[in-house]
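Subject: Structure handover

Hi,

Here's the structure I promised to pass along. Have a look at it first, and my notes on what turned up follow underneath.

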Amino acid sequence: MTSKDTPVLAVRELQISFSMYRKGLRKESLRVIRSLSLDVRKGEIVAVVGSSGAGKSLLAHAVLGILPSNAVTEGEILYKGETLTPALQRKYRGTEIALIPQSVDYLDPLMRVGKQAACAGGGPEAQRAARAAFARYGLEPRVERLFPFQLSGGMARRVLIVTAVVARPALIIADEPTPGLGAEAATETLRHFRQLADGGAAVLLITHDIDLALHVADRIAVFYAGTTAEIAPAEDFKRGRDALRHPYSKAFLDALPQNAFKPIAGAQPYAGRPPQACLFADRCPERTNACAGAVAMRALRGGEVRCIHAT
Ligand SMILES: Nc1ncnc2c1ncn2[C@@H]1O[C@H](COP(=O)(O)OP(=O)(O)OP(=O)(O)O)[C@@H](O)[C@H]1O
Ligand code: SF4
Ligand SMILES: [Mg+2]
């Protein structure tokens with residue numbers, strides 16, 4: 001039974017490895033997601049930020065159950081308190097749990113886009129709901145009759161959003177929904193997510209555009225090298241680097257063009273050769289000898305952090 005405090009999505013210590021062949025027939029396991037944990041509650045938008053390759057899309061695909069067949073997952077993913085088994089993922093995918101994928105290639109190339117959206121909606125009202133959603137995203141009725149290859153990048157992205165939300169899912173995972181949309185449409189899209197959350201949906205918003213996310217998100221999760229480095233109220237990101245907990249979150253904020261535009265020297269560790277110390281140790285200005293060892297997440301000042309020195 002779920003209580004009102006049960007998160008819609010709970011990810012606990014998620015790990016993802018890929019088994020692959022290297023140098024002839026030698027099989028290796030590459031652990032690209034090391035430890036991801038986060039919750040998203042009803043009515044909440046949690047934005048996920050982090051460098052390219054940090055594991056944001058893989059988290060989305062793990063929740064939906066659409067990882068490649070050579071992926072091995074450990075840890076737990078719960079939907080409304082229930083472990084998401086492959087059978088439940090199939091049952092909920094596209095209805096209760098919807099993905100707005102990072103790539104527009106997810107649209108079916110052989111089906112008119114209006115039909116794709118109506119099919120995603122399910123019931124008899126679906127066509128009408130799809131039409132209203134098309135209009136809301138500035139897509140004229142004639143667009144419904146087009147095939148994906150006839151759409152511009154921005155139109156295809158709007159069709160993906162409509163197709164995902166038309167069934168009114170309880171959990172929406174949006175993987176970079178705004179690139180190519182233009183400032184006005186991007187703002188309107190995020191405003192729509194806020195309305196969906198205010199209407200009771202839980203939204204996991206993966207984005208590079210933290211400025212835009214800060215207008216609508218309740219909390220921000222910062223990913224680094226396949227781990228959750230920090231989870232903090234969005235308010236802390238608005239207050240600036242001193243309100244944050246993890247040295248990577250602070251460096252991430254400093255690197256934004258609207259701030260100091262100061263790049264972080266170095267790169268995320270390669271998954272095949274992870275350091276024995278904290279994963280950020282090579283780049284961390286706060287590093288001490290005590291940082292040699294795996295670091296667990298802990299609660300701090302109304303958020304969570306994976307750093308032994310954070311205060
Ligand atoms: N099928 C795969 N086989 C092996 N490694 C993979 C596979 N898919 C993803 N990876 C690796 O897993 C890591 C995380 O990938 P992911 O796509 O989740 O990154 P991301 O945070 O979404 O990045 P971006 O911001 O560029 O979209 C990367 O290092 C990537 O190379
Ligand atoms: S544990 Fe140490 S190396 Fe890692 S982020 Fe914290 S201070 Fe830096
Ligand atoms: Mg991605």
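Let me start at a turn. Strands β9 and β10 form a hairpin with two residues between the strands, and there Ala 225 takes a positive phi near 50°. Before you read on, keep in mind that this is a predicted model.

**The hairpin and its neighbour**

The two arms of that hairpin, β9 and β10 (residues 227–233), pair in the antiparallel sense over six bridges. If you want a spot to click on, Arg 219 has Pro 233 in β10 as its bridge partner. Strand β9 covers residues 219–224, and five of those six residues are buried, so the strand is largely enclosed by the rest of the structure. It also has β3 as a partner: five bridges join β3 to β9, and these two run parallel. Within that pairing, Val 49 stands opposite Val 222 in β9.

**Following β3 to β8**

From β3 (residues 45–50) you can step across to β8, since the two pair in the parallel sense over four bridges. Here Ile 45 has Val 203 in β8 as its bridge partner. Then there's β7 (residues 171–175), which is joined to β8 by five bridges and runs parallel with it. In this case Ala 174 is the residue opposite Leu 205 in β8.

How many of the residues of β8 (residues 202–206) are buried? Five of its five, so to speak a strand that is mostly covered. In a regular strand the side chains alternate between the two faces of the sheet. In β8, Ala 202, Leu 204 and Ile 206 point one way while Val 203 and Leu 205 point the other way, and all are buried.

**The helices**

Between β7 and β8 comes helix α6 (residues 183–198), and the three make a right-handed β-α-β unit. Asp 198 is found in α6. Is Asp 198 buried or exposed? Its relative accessibility is 56%, and the cut-off for exposed is over 50%, so Asp 198 counts as exposed. Asp 198 and Leu 36 are 162 residues apart along the chain, and their C-alpha atoms are separated by 26 Å.

Helix α1 (residues 56–64) is mostly covered, with nine of its nine residues buried. Among them are Lys 56, Ser 57 and His 61. Just after α1, Gly 65 takes a positive phi of about 75°.

**Two more positive phi values**

Glu 13, in strand β1 (residues 9–22), has a positive phi of about 50° although it is not a glycine. With 46% relative accessibility, Glu 13 counts as partly exposed. Lys 80 also isn't a glycine, and its phi is positive at about 50°. You'll find Lys 80 in the loop between β4 (71–79) and β5 (82–83). At 35% relative accessibility, Lys 80 counts as partly exposed.

**Ligand 2**

Last, the ligand site. Which residues surround ligand 2? They are His 246, Pro 247, Cys 278, Ala 281, Cys 284, Glu 286, Cys 291, Cys 307, Ile 308 and His 309. By class, that shell has seven nonpolar, two polar and one charged residues. The space that ligand 2 takes up is the largest cavity.

Over to you!

Best wishes

Definitions and conventions:
Residues numbered from 1 in each chain as written. Chains lettered and ligands numbered in written order. Predicted model: local features only at pLDDT ≥ 70, side-chain atom pairs only at ≥ 80, totals over all residues. Heavy atoms only, no water. Near = heavy atom within 4 Å. 1 Å grid on protein atoms, 1.4 Å probe; cavity = no way out; pocket = protein on both sides within 12 Å on 5 of 7 lines; lining within 4 Å. Sits in = over half its atoms within 2 Å of the grid points. Nonpolar A, V, L, I, M, F, W, Y, C, P; charged D, E, K, R; others polar. Buried < 20%, exposed > 50% of the residue type's maximum accessible area, 1.4 Å probe, protein only. Pairing = 2+ DSSP bridges. Right-handed = clockwise from strand over helix to strand, strands pointing away.
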